[in-house]
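Reader: I have a chain with a bound ligand in front of me, and I would like to go through it step by step. Could you take my questions in turn and give the reasoning behind each answer?

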Amino acid sequence: MLTLPGFTHRLTQRNTMPKYQTILLFGAPGSGKGTQGKILGHVPGFYHLSCGEVFRTLNVHSDLGKKFVEYSSRGELVPDDLTIQMWQENIRAQTILSIYKPDNDLLILDGIPRNVHQARVMDAHIDVLLVIHLTCSDKEKMFERLRRRAIKENRFDDAKEDVIRRRWQVYENETYPVLDHYPKSAVRTVEALGSPAEVLQHILEMVVPVQAKHFRNALETPR
Ligand code: ADP
């Protein structure tokens, strides 16, 4: 039998690589994914990673930083290959630095996957235990949030009306279909227009049992 040792090795490595236990925070721009993700990320046993935040920390003069500015200032998605590569490198670095500990922490992903192709590629790396879908029936209220955020957080991608509208279009056409990639039983809906504390309360009701089922108490001493 013809054997290709390198290939087999890569295959074996891939097959035995454990997947990150993950909850996705999902919703339109302005739905509060980042706000809720940040709060959850402060609770021991949770690790929050926002794809948009990682992009915003890039040096705008680096190649990837320039690409980010180019696409996000038009309200469009950064190409998938660059996005996935950046995500993988970032999460690997957080793991090596023990900032994210996959054996102890439930990963809360926000802003990724953002289209069906990203979801398919990421299936090899993440086990999606739950998808929290932050919904809002009042589009204008969400636009209002984005305009306020643009001023408060200096977000150039929310400063122009046509860019905000483009971001929504991209959400509806490319991101919303991601929900159908996961089993219906894994998707939970939360109304996004409540106060941050109210929304948090609903999210915790869904997330805490999942965390308890898959991980031990993060503050207990290891056995
Ligand atoms: P919001 O919280 O308003 O949805 P983000 O902070 O998540 O926005 O993202 C800001 C911008 O960063 C996006 O408009 C897009 O250009 C880029 N971006 C973030 N995540 C991704 C992703 N998974 N794939 C491609 N582009 C992304």
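Author: A definition is needed at the outset: a polar contact is a pair of N or O atoms within 3.5 Å. The model is a predicted one, and with that cut-off in hand we can begin at the ligand.

Reader: How far from a nitrogen atom of the ligand does a backbone N or O atom of glycine 111 lie?

Author: The atom on the protein side belongs to the backbone of glycine 111, and its partner is a nitrogen atom of the ligand. A polar contact requires a pair of N or O atoms within 3.5 Å. The pair at glycine 111 satisfies this, with a distance of 2.9 Å.

Reader: What share of the ligand's accessible area does the protein cover?

Author: Side chains take part in the contacts too, since a polar side-chain atom of arginine 56 lies 2.8 Å from an oxygen atom of the ligand, and an N or O atom in the side chain of glutamine 118 is 2.9 Å from a nitrogen atom of the ligand. On its own the ligand has 560 Å² of accessible area, and the part of this that the protein covers is 97%.

Reader: Which element gives the largest share of the shell around the ligand?

Author: The ligand takes up the space of the largest pocket. The elements that give two or more residues to the shell around it are helix H4 (63-72) and helix H3 (51-57). With 4 residues, the largest share comes from H3.

Reader: How many residues of the shell around the ligand are charged?

Author: There are 20 residues around the ligand, and those that come nearest are Arg56, Glu76, Gly111, Arg149 and Arg167. When the shell is divided by residue type, 7 are nonpolar and 5 are polar, while the number of charged residues is 8.

Reader: Which two residues are joined by a cis peptide bond?

Author: The place to look is the loop between strand E3 (106-110) and helix H6 (116-122), where proline 113 is found. Omega is about 0° for the bond in question, and the residues it joins are isoleucine 112 and proline 113.

Reader: Is histidine 48 buried or exposed, and with which side chain does its own side chain make a polar contact?

Author: Histidine 48 belongs to strand E2 (residues 46-50). Its relative accessible area is 15%, and because buried means under 20%, histidine 48 counts as buried. A polar atom of the histidine 48 side chain lies 3.4 Å from the backbone oxygen of glycine 37. The side-chain partner, at 2.8 Å, is aspartate 110.

Reader: The backbone oxygen of which residue lies 2.8 Å from a polar atom of the side chain of threonine 175?

Author: Threonine 175 is placed in helix H8 (residues 161-175), and with a relative accessible area of 6% this threonine is buried. The backbone oxygen that lies 2.8 Å from a polar atom of its side chain is that of arginine 114.

Reader: What is the relative accessible area of serine 98?

Author: Serine 98 sits in the loop between helix H5 (80-96) and E3, and its phi is near 60°, a positive value in a residue other than glycine. Partly exposed residues fall between 20% and 50%. Serine 98 is partly exposed, with a value of 42%.

Reader: How far apart in space are arginine 147 and glycine 30, C-alpha to C-alpha?

Author: Arginine 147 lies in helix H7 (residues 139-153) and is partly exposed, with a relative accessible area of 25%. In sequence, arginine 147 and glycine 30 are 117 residues apart, whereas from C-alpha to C-alpha the separation in space is 9.3 Å.

Reader: And which residue is 112 residues from phenylalanine 143 in sequence, yet 9.7 Å away in space?

Author: Phenylalanine 143 is also found in helix H7. At 2% relative accessibility, this phenylalanine counts as buried. The residue at that separation, taken C-alpha to C-alpha, is serine 31.

Reader: Finally, what percentage of the residues in the chain is buried?

Author: The secondary structure of the chain comes to 9 helices and 5 strands. One example of a buried residue is leucine 106 in strand E3, with a relative accessible area of 0%. Over the 223 residues in the chain, the buried share is 41%.

Note on methods. Residues are numbered from 1 along each chain as its sequence is written. This is a predicted model: local features need pLDDT of at least 70, side-chain atom pairs count only at pLDDT 80 or more; totals for chains, interfaces and linings use all residues. Side-chain values use heavy atoms; hydrogens and water are left out. A residue is near a molecule or strand if one of its heavy atoms lies within 4 Å of it. A polar contact is a pair of N or O atoms within 3.5 Å; within protein, one must be able to donate a hydrogen and the other to accept it, and residues adjacent in sequence count only if both atoms are side-chain atoms. Accessible areas come from the Shrake-Rupley method with a 1.4 Å probe; for residues, only the protein chains shown count as cover. On a 1 Å grid over the protein atoms alone, a cavity is a set of points where a 1.4 Å probe fits but cannot get out, and a pocket is an open set with protein on both sides within 12 Å along at least five of seven lines; lining residues have an atom within 4 Å of a point. A molecule sits in a cavity or pocket if more than half of its atoms lie within 2 Å of its grid points. Ala, Val, Leu, Ile, Met, Phe, Trp, Tyr, Cys and Pro count as nonpolar, Asp, Glu, Lys and Arg as charged, and the others, Gly among them, as polar. Buried means under 20% relative accessible area, exposed over 50%, partly exposed in between (1.4 Å probe, protein chains only).
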